[in-house]
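Reader: Could you walk me through this structure, one question at a time? I would love to see how you get to each answer.

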Amino acid sequence: MEPFVSCYNGVLAAGVDEVGRGPLAGDVVAAAVILDPSAPIEGLNDSKKLTEKRRNHLFTLIKERAMSYCIARASVAEIDSINILQASLLAMRRAVEGLSVEPEHILVDGNKIPKWRYTAEAVVKGDSRVAAISAASILAKVTRDAEMVAFDKMYPGYGFAGHKGYPTKVHMQALATLGVSDIHRRSFAPVKQQLEQLTIF
(Lines give C-alpha, C1' and ligand atoms only; values in the text may rest on other atoms or scores of the structure.)
Protein backbone atom coordinates (compact mmCIF):
# COMPACT_ATOMS: atom_id res chain seq x y z
CA MET A 1 0.00 0.00 0.00
CA GLU A 2 1.23 3.48 -0.83
CA PRO A 3 1.64 5.94 2.06
CA PHE A 4 -1.40 8.14 2.47
CA VAL A 5 -1.01 11.81 1.59
CA SER A 6 -3.40 13.93 3.64
CA CYS A 7 -4.91 17.25 2.62
CA TYR A 8 -3.78 18.52 6.06
CA ASN A 9 -0.18 19.67 6.40
CA GLY A 10 -0.01 20.64 10.09
CA VAL A 11 1.18 18.70 13.13
CA LEU A 12 -2.10 18.40 15.07
CA ALA A 13 -3.64 15.53 13.12
CA ALA A 14 -5.05 12.72 15.24
CA GLY A 15 -5.05 9.13 14.04
CA VAL A 16 -8.06 7.06 15.13
CA ASP A 17 -8.71 3.33 15.02
CA GLU A 18 -10.86 0.75 16.78
CA VAL A 19 -10.43 -2.90 17.70
CA GLY A 20 -13.08 -5.49 18.41
CA ARG A 21 -15.84 -5.23 15.85
CA GLY A 22 -15.79 -8.93 15.04
CA PRO A 23 -15.69 -10.67 18.46
CA LEU A 24 -18.74 -12.18 20.10
CA ALA A 25 -17.74 -10.84 23.52
CA GLY A 26 -16.23 -7.79 25.19
CA ASP A 27 -16.27 -4.07 24.51
CA VAL A 28 -15.17 -2.41 21.29
CA VAL A 29 -12.09 -0.31 22.09
CA ALA A 30 -10.88 2.76 20.19
CA ALA A 31 -7.86 5.02 20.49
CA ALA A 32 -6.89 8.44 19.18
CA VAL A 33 -3.27 9.57 18.93
CA ILE A 34 -1.53 12.82 18.03
CA LEU A 35 2.13 12.01 17.45
CA ASP A 36 4.93 14.40 18.35
CA PRO A 37 7.15 15.12 15.31
CA SER A 38 10.05 15.83 17.67
CA ALA A 39 9.78 12.36 19.24
CA PRO A 40 9.48 9.87 16.36
CA ILE A 41 8.62 6.24 17.03
CA GLU A 42 10.28 3.61 14.84
CA GLY A 43 8.41 0.54 13.64
CA LEU A 44 4.79 1.68 13.77
CA ASN A 45 2.53 -0.57 11.71
CA ASP A 46 -0.87 -2.23 11.67
CA SER A 47 -1.14 -3.81 15.13
CA LYS A 48 -2.24 -7.12 13.58
CA LYS A 49 1.04 -7.36 11.66
CA LEU A 50 3.20 -7.00 14.79
CA THR A 51 4.20 -9.64 17.31
CA GLU A 52 2.69 -9.36 20.77
CA LYS A 53 6.10 -8.48 22.20
CA ARG A 54 6.60 -5.72 19.63
CA ARG A 55 3.08 -4.35 20.19
CA ASN A 56 3.65 -4.17 23.93
CA HIS A 57 6.96 -2.36 23.43
CA LEU A 58 5.40 0.16 21.06
CA PHE A 59 2.41 0.57 23.40
CA THR A 60 4.78 1.92 26.06
CA LEU A 61 6.67 4.15 23.61
CA ILE A 62 3.48 5.66 22.21
CA LYS A 63 2.21 6.57 25.66
CA GLU A 64 5.60 8.10 26.52
CA ARG A 65 6.21 10.03 23.30
CA ALA A 66 2.84 10.97 21.81
CA MET A 67 1.76 14.58 22.08
CA SER A 68 -1.63 13.29 23.21
CA TYR A 69 -3.53 10.01 23.28
CA CYS A 70 -6.80 8.66 24.59
CA ILE A 71 -8.22 5.14 24.82
CA ALA A 72 -12.00 4.82 24.92
CA ARG A 73 -14.71 2.24 24.40
CA ALA A 74 -18.30 1.34 23.83
CA SER A 75 -19.73 -1.31 26.14
CA VAL A 76 -21.36 -4.63 25.33
CA ALA A 77 -24.70 -3.11 26.37
CA GLU A 78 -24.17 -0.22 23.95
CA ILE A 79 -23.18 -2.61 21.16
CA ASP A 80 -26.39 -4.59 21.69
CA SER A 81 -28.44 -1.39 21.84
CA ILE A 82 -27.19 0.59 18.85
CA ASN A 83 -25.34 -2.10 16.77
CA ILE A 84 -21.62 -2.70 16.39
CA LEU A 85 -20.99 -0.11 13.66
CA GLN A 86 -22.59 2.72 15.63
CA ALA A 87 -20.85 1.53 18.81
CA SER A 88 -17.49 1.58 17.00
CA LEU A 89 -18.12 5.13 15.79
CA LEU A 90 -19.17 6.09 19.34
CA ALA A 91 -15.96 4.67 20.79
CA MET A 92 -13.92 6.63 18.25
CA ARG A 93 -15.77 9.85 19.08
CA ARG A 94 -15.08 9.30 22.76
CA ALA A 95 -11.38 8.71 22.06
CA VAL A 96 -11.09 11.97 20.13
CA GLU A 97 -13.07 13.91 22.74
CA GLY A 98 -10.72 12.58 25.42
CA LEU A 99 -7.55 13.98 23.85
CA SER A 100 -5.79 16.53 26.06
CA VAL A 101 -4.60 18.38 22.94
CA GLU A 102 -7.26 19.68 20.55
CA PRO A 103 -6.73 18.11 17.09
CA GLU A 104 -7.04 20.25 13.97
CA HIS A 105 -7.75 17.30 11.67
CA ILE A 106 -8.52 13.61 12.08
CA LEU A 107 -7.48 10.58 10.05
CA VAL A 108 -9.78 7.60 10.59
CA ASP A 109 -9.00 4.02 9.67
CA GLY A 110 -11.51 2.46 7.28
CA ASN A 111 -14.26 4.05 5.22
CA LYS A 112 -16.59 5.50 7.85
CA ILE A 113 -16.17 8.81 9.68
CA PRO A 114 -18.00 9.51 12.96
CA LYS A 115 -20.12 12.65 13.16
CA TRP A 116 -18.07 15.36 14.86
CA ARG A 117 -17.04 18.98 14.42
CA TYR A 118 -13.58 18.21 13.05
CA THR A 119 -12.40 17.98 9.48
CA ALA A 120 -11.52 14.38 8.79
CA GLU A 121 -10.48 11.86 6.17
CA ALA A 122 -11.25 8.15 6.03
CA VAL A 123 -8.17 6.10 5.13
CA VAL A 124 -8.67 2.55 3.87
CA LYS A 125 -5.95 0.33 5.38
CA GLY A 126 -4.93 3.41 7.35
CA ASP A 127 -3.33 1.34 10.10
CA SER A 128 -0.65 0.36 7.58
CA ARG A 129 -0.39 3.74 5.82
CA VAL A 130 -0.58 6.45 8.50
CA ALA A 131 1.72 6.41 11.53
CA ALA A 132 -0.80 8.04 13.89
CA ILE A 133 -3.47 5.49 12.92
CA SER A 134 -0.94 2.67 13.41
CA ALA A 135 -0.25 4.05 16.89
CA ALA A 136 -3.97 4.19 17.64
CA SER A 137 -4.46 0.61 16.47
CA ILE A 138 -1.65 -0.56 18.77
CA LEU A 139 -3.06 1.23 21.82
CA ALA A 140 -6.53 -0.16 21.17
CA LYS A 141 -5.44 -3.73 20.49
CA VAL A 142 -3.05 -4.06 23.42
CA THR A 143 -5.70 -2.62 25.74
CA ARG A 144 -8.47 -4.89 24.51
CA ASP A 145 -6.28 -8.00 24.42
CA ALA A 146 -5.25 -7.41 28.05
CA GLU A 147 -8.90 -7.08 29.04
CA MET A 148 -9.80 -10.36 27.35
CA VAL A 149 -6.92 -12.11 29.14
CA ALA A 150 -8.32 -10.79 32.41
CA PHE A 151 -11.80 -12.01 31.44
CA ASP A 152 -10.32 -15.47 30.85
CA LYS A 153 -9.75 -15.73 34.61
CA MET A 154 -13.18 -14.34 35.44
CA TYR A 155 -14.98 -16.62 32.99
CA PRO A 156 -12.90 -19.83 32.84
CA GLY A 157 -13.53 -22.33 30.09
CA TYR A 158 -14.33 -19.96 27.25
CA GLY A 159 -10.72 -19.49 26.17
CA PHE A 160 -10.87 -15.70 26.01
CA ALA A 161 -7.10 -15.37 26.52
CA GLY A 162 -6.53 -17.25 23.29
CA HIS A 163 -9.21 -16.14 20.86
CA LYS A 164 -9.96 -12.72 22.45
CA GLY A 165 -13.66 -13.21 21.91
CA TYR A 166 -13.55 -13.96 18.18
CA PRO A 167 -15.81 -16.77 16.91
CA THR A 168 -13.20 -19.52 16.68
CA LYS A 169 -14.08 -23.21 16.83
CA VAL A 170 -12.92 -23.33 20.46
CA HIS A 171 -15.09 -20.36 21.37
CA MET A 172 -18.15 -21.73 19.60
CA GLN A 173 -17.77 -25.07 21.37
CA ALA A 174 -17.41 -23.34 24.74
CA LEU A 175 -20.46 -21.19 24.03
CA ALA A 176 -22.51 -24.30 23.27
CA THR A 177 -21.24 -26.09 26.39
CA LEU A 178 -21.13 -23.27 28.95
CA GLY A 179 -23.82 -20.99 27.62
CA VAL A 180 -23.81 -17.20 27.30
CA SER A 181 -21.70 -15.17 29.74
CA ASP A 182 -22.25 -11.63 30.97
CA ILE A 183 -19.73 -10.25 28.48
CA HIS A 184 -21.19 -11.87 25.36
CA ARG A 185 -22.88 -9.66 22.79
CA ARG A 186 -26.47 -10.84 22.68
CA SER A 187 -27.21 -9.09 19.39
CA PHE A 188 -24.61 -11.18 17.53
CA ALA A 189 -26.11 -14.14 15.67
CA PRO A 190 -24.19 -17.06 17.29
CA VAL A 191 -24.94 -15.72 20.77
CA LYS A 192 -28.56 -14.96 19.91
CA GLN A 193 -28.98 -18.49 18.52
CA GLN A 194 -27.59 -19.96 21.73
CA LEU A 195 -30.07 -17.95 23.79
CA GLU A 196 -32.94 -19.01 21.51
CA GLN A 197 -32.01 -22.68 21.99
CA LEU A 198 -32.18 -22.22 25.75
CA THR A 199 -35.62 -20.65 25.37
CA ILE A 200 -36.82 -23.59 23.26
CA PHE A 201 -35.66 -26.15 25.81
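Reader: Which element gives the most to the lining of the second largest pocket?

Author: Happy to start there, with the note that this is a predicted model. The second largest pocket has a volume of about 310 Å³, and its lining counts 16 residues, with Ala-13, Leu-107, Val-130, Ala-131 and Ala-132 nearest the centre. Two or more residues of that lining come from each of S1 and H5. With three residues, the element that gives the most is S1.

Reader: How many residues of that lining in the second largest pocket are nonpolar, and how many are polar or charged?

Author: Sorting the lining residues of the second largest pocket by type gives two charged, three polar and, for the nonpolar group, 11.

Reader: What about the largest pocket: which element supplies the largest share of its lining?

Author: This pocket has a volume of about 400 Å³ and a lining of 24 residues. At least two lining residues come from each of strand S1 (13–19), helix H3 (84–97) and helix H5 (131–154). The largest share is four residues, and the element behind it is H5.

Reader: Which residues lie nearest the centre of the largest pocket, and how many of its lining residues are charged?

Author: Nearest the centre are Asp-17, Glu-18, Lys-48, Asp-109 and Asp-127. Across the whole lining of the largest pocket there are five nonpolar residues and six polar ones, while the charged residues number 13.

Reader: Asp-17 caught my eye. Which residue of S2 is its bridge partner?

Author: Good one to follow up. Strand S2 (residues 28–34) pairs with S1 in the antiparallel sense, over five bridges. The residue of S2 bridged to Asp-17 is Ala-31.

Reader: Which residue stands opposite Ala-31 in S3?

Author: S2 and S3 run antiparallel and are joined by seven bridges. One pairing there sets Ile-34 of S2 with Ser-68 of S3. Opposite Ala-31, in turn, stands Ile-71.

Reader: What is the order of the strands in the sheet, and which ones stand at the edges?

Author: The sheet is open, has five strands and mixed pairing, and its order is S3-S2-S1-S4-S5. Strand S3 (68–74) and strand S5 (119–123) have a single partner strand each, so one side of each lacks a neighbour in the sheet, and the edge strands are therefore S3 and S5.

Reader: By how many degrees are neighbouring strands of this sheet turned against each other on average?

Author: Here the direction of the strands is ignored. Taken that way, the average turn between neighbouring strands of this sheet is 20 degrees.

Reader: Why is S2 described as largely enclosed?

Author: One face of S2 carries Val-28, Ala-30, Ala-32 and Ile-34, the other Val-29, Ala-31 and Val-33, and all of these are buried. S2 is largely enclosed by the rest of the structure because its buried residues number seven of the seven.

Reader: Which residues of S3 point to the face that is not buried?

Author: In a regular strand, side chains alternate between the two faces of the sheet. Along S3 that alternation puts Ser-68, Cys-70, Ala-72 and Ala-74 on one face, where they are buried. Pointing to the other face, and not buried, are Tyr-69, Ile-71 and Arg-73.

Reader: Now the rings: is the pair of Tyr-158 and Phe-160 stacked or tilted?

Author: The count comes to three aromatic pairs. One of them is Phe-151 with Tyr-155, at 6.0 Å centre to centre and 55 degrees between the planes, which is tilted. For Tyr-158 and Phe-160 the centres are 5.3 Å apart and the planes stand at 15 degrees, under the 30 degree cut-off, so this pair is stacked.

Reader: Last one: is Gln-194 buried or exposed?

Author: Gln-194 sits in helix H8 (residues 189–200). Its C-alpha is 9.8 Å from that of Met-172, with the two positions 22 residues apart in sequence numbering. The relative accessibility of Gln-194 is 12%, and the cut-off is under 20%, so Gln-194 counts as buried.

Terms used. Residues numbered from 1 in each chain as written. Predicted model: local features only at pLDDT ≥ 70, side-chain atom pairs only at ≥ 80, totals over all residues. Heavy atoms only, no water. Phe/Tyr/Trp six-rings, centres within 6.5 Å; stacked < 30°, edge-to-face > 60°. 1 Å grid on protein atoms, 1.4 Å probe; cavity = no way out; pocket = protein on both sides within 12 Å on 5 of 7 lines; lining within 4 Å. Points joined across faces, edges and corners; volume = space filled by probe spheres on them. Nonpolar A, V, L, I, M, F, W, Y, C, P; charged D, E, K, R; others polar. Pairing = 2+ DSSP bridges. Axes fitted to C-alpha atoms, helices over the stretch in contact; angles between N-to-C directions. Buried < 20%, exposed > 50% of the residue type's maximum accessible area, 1.4 Å probe, protein only.
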